[in-house]
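Here is a brief report on three helices and what surrounds them. Please look over the sequence and the model before reading on.

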Amino acid sequence: MEESGYSKKAIQFYINSVNVGLLENPSITTTFLGPCGDLIKLYLTINADEKIEDAKFHYLGCPGSATSASALTTLLKGKTINQAKTITEQDILKELDGLPKSKLDCATLSIRTLRKAIAEYEKQKGRSEL
């Protein structure tokens, strides 16, 4: 993976399957299929104060998708929904110490999955995302 341009940190996220798995009774579960064919299923547990207590995911796709989703879920834990709305592709890339140029769209896939999850959560709570 290193020869392909993955950082050591990204490789460790992938090898250790950081935050890959299922959450029992998540507050929201959403699935997003990217234009590349990769899929992320995101699980979030959100408390009454709208703080994300836990975040996990499953994926079908490449190591770039897996490492991006691992970084995203790491960034989400402990954040409020409003703070989560501000997370960007650049935040994911920074958390991973970068990705190969050909895999930059994987960070976008993670962000789109997050945006969909937040929109579904807002709808569930009777609010519409602005």
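## Helix H2 and its neighbours

Helix H2 covers residues 63–76, which is 14 residues; at 1.5 Å a residue they should span 20 Å, and the C-alpha atoms at its ends are indeed 20 Å apart, so the two values agree. This is a predicted model.

How many of the 14 residues of H2 are buried? Twelve are, so to speak, under cover: H2 is mostly covered. The buried residues are Gly64, Ser65, Ala66, Thr67, Ser68, Ala69, Ser70, Ala71, Leu72, Thr73, Leu75 and Leu76.

What do these buried residues pack against? The partners include both helices and strands. The helices are H1 (8–15), H3 (81–84), H4 (89–96) and H5 (104–124). The strands are E2 (39–46) and E3 (52–60).

## Helix H4

H4 has two contrasting sides. Ile92, Leu93, Glu95 and Leu96 are buried. They cover an arc of only 160° around the axis, which puts them on the same side of H4. Gln90 and Lys94 lie on the other side and are exposed.

Which elements cover the buried residues of H4? H1, H2 and H5 are among them.

The start of H4 has a contact of its own. There, a side-chain oxygen of threonine 88 comes to within 3.3 Å of the backbone nitrogen of glutamine 90.

## Helix H1

H1 also has a buried face. Its buried residues are Ala10, Ile11 and Phe13. Viewed down the axis of H1, these residues fall within an arc of 160°, so they line one face of the helix. Lys8 and Ile15 are exposed on the other side.

The buried residues of H1 pack against H2 and H4. H1 in turn is listed among the elements that the buried residues of H2 pack against, and H1 is one of those covering the buried residues of H4.

## After each helix

A residue with positive phi follows H2, H4 and H1. The table gives the residue and its angle.

| Helix | Residue after it | Phi |
|---|---|---|
| H1 | serine 17 | positive, near 45° |
| H2 | glycine 78 | positive, near 90° |
| H4 | aspartate 97 | positive, about 60° |

In short, H2 is mostly covered, while H4 has buried residues on one side and exposed Gln90 and Lys94 on the other. H1 has its buried residues on one face, with Lys8 and Ile15 exposed on the other side.

Terms used: Residues are numbered from 1 along each chain as its sequence is written. This is a predicted model: local features need pLDDT of at least 70, side-chain atom pairs count only at pLDDT 80 or more; totals for chains, interfaces and linings use all residues. Side-chain values use heavy atoms; hydrogens and water are left out. Helices (H or I, at least four residues) and strands (E, at least two) are DSSP runs, numbered from the N terminus. The expected span of a helix is 1.5 Å times one less than its number of residues. Buried means under 20% relative accessible area, exposed over 50%, partly exposed in between (1.4 Å probe, protein chains only). Contact means heavy atoms within 4.5 Å. The arc is that of the directions from the helix axis to the C-beta atoms. A polar contact is a pair of N or O atoms within 3.5 Å; within protein, one must be able to donate a hydrogen and the other to accept it, and residues adjacent in sequence count only if both atoms are side-chain atoms.
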